[in-house]
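Here is a short briefing to read alongside the sequence and the 3D view. Please keep both open as you go through the points.

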Amino acid sequence: PEARQVTASMFKTLCFAAETFLFAYIGLCAVTFDYTNAWKLAFGGLVLCLIGRALNIFPLAFIVNLFRTKKITPKVQFVLWFSGLRGIIAF
């Protein structure tokens, strides 16, 4: 049990360090990036993120609902779809 706790704590620490590094890297990139005509790239990236999340959440929720007694409602599916568009995943 002690080794399992140490391993879990180590992975949590590594995840936190990796996430901190990535957010710092994104922040530095945002300051040094040349934004000439970047709105097309930003809009295209946002659209692709929305499409990618929709193609994952809605079909998988449909498949899961085939086997569940308590179904995932369309409202909850929408929240899952929209809430994933934040943080390092969207970058």
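What follows covers confidence, aromatic pairs, a surface patch and a few individual residues.

This is a predicted model, and the protein chain has an average pLDDT of 86. Four aromatic pairs are counted in it, and a nonpolar patch of about 590 Å² lies on the surface.

**Confidence**

- Across the protein chain, 91% of the residues reach a pLDDT of at least 70.
- Helix α2 has the highest confidence in the chain, with a mean of 90.
- At the other end, helix α4 (residues 87–90) has the lowest, with a mean of 52.

**Aromatic pairs**

- The count of aromatic pairs comes to four. One of them joins F21 and Y25, with ring centres 6.2 Å apart and planes at 15 degrees, so this pair is stacked, the limit for stacking being under 30 degrees.
- F21 and Y25 sit four residues apart in helix α1 (residues 2–32), so about one helical turn separates them.
- How accessible are the two partners? F21 has a relative accessible area of 55% and is exposed, while Y25, at 44%, is partly exposed.
- The rings of F78 and F82 also make a stacked pair, because their planes meet at 5 degrees and their centres are 6.3 Å apart.
- Both F78 and F82 belong to helix α3 (residues 74–83), where they are four residues apart, about one turn of the helix.
- F78 is partly exposed at 43% relative accessible area, and F82 counts as exposed at 53%, because the exposed class begins over 50%.
- F78 and F82 are also members of one aromatic cluster, together with F58 and W81.

**The nonpolar surface patch**

- Which residues make the patch of about 590 Å²? They are L60, F62, I63, L66 and F67.
- L60, one of these residues, lies in helix α2 (residues 38–67).
- With 49% relative accessibility, L60 is classed as partly exposed, because exposed residues need over 50%.

**N65 and K71**

- N65 is a residue of helix α2, and K71 is found in the loop between α2 and α3.
- Is N65 buried or exposed? N65 is buried, because its relative accessibility of 12% falls under 20%.
- K71, in contrast, is partly exposed, with a relative accessible area of 45%.
- Setting aside residues up to four places away in sequence, N65 touches K71, I72 and Q77.
- With neighbours within four places in sequence left out, K71 has contacts with N65 and L66; L66 is also among the residues of the nonpolar patch.

**Separations along the chain and in space**

- K71 and F33 are 38 residues apart in sequence, and their C-alpha atoms are 45 Å apart in space.
- F23 and R4 are 19 residues apart in sequence, with 29 Å from C-alpha to C-alpha.
- F23 lies in helix α1, the helix that also holds F21 and Y25.
- At 39% relative accessibility, F23 is partly exposed.

Definitions and conventions:
Residues are numbered from 1 along each chain as its sequence is written. This is a predicted model: local features need pLDDT of at least 70, side-chain atom pairs count only at pLDDT 80 or more; totals for chains, interfaces and linings use all residues. Side-chain values use heavy atoms; hydrogens and water are left out. Patches are made of residues with over 30% relative accessible area and no salt bridge: like charges are joined within 9 Å, nonpolar side chains (Val, Leu, Ile, Met, Phe, Trp, Tyr) within 5 Å. Accessible areas come from the Shrake-Rupley method with a 1.4 Å probe; for residues, only the protein chains shown count as cover. A salt bridge is a side-chain nitrogen of Lys or Arg within 4 Å of a carboxyl oxygen of Asp or Glu. Helices (H or I, at least four residues) and strands (E, at least two) are DSSP runs, numbered from the N terminus. Buried means under 20% relative accessible area, exposed over 50%, partly exposed in between (1.4 Å probe, protein chains only). pLDDT is the predictor's confidence in each residue, from 0 to 100. Rings of Phe, Tyr and Trp (its six-membered ring) pair if their centres lie within 6.5 Å; planes under 30 degrees apart count as stacked, over 60 as edge-to-face and the rest as tilted. Contact means heavy atoms within 4.5 Å.
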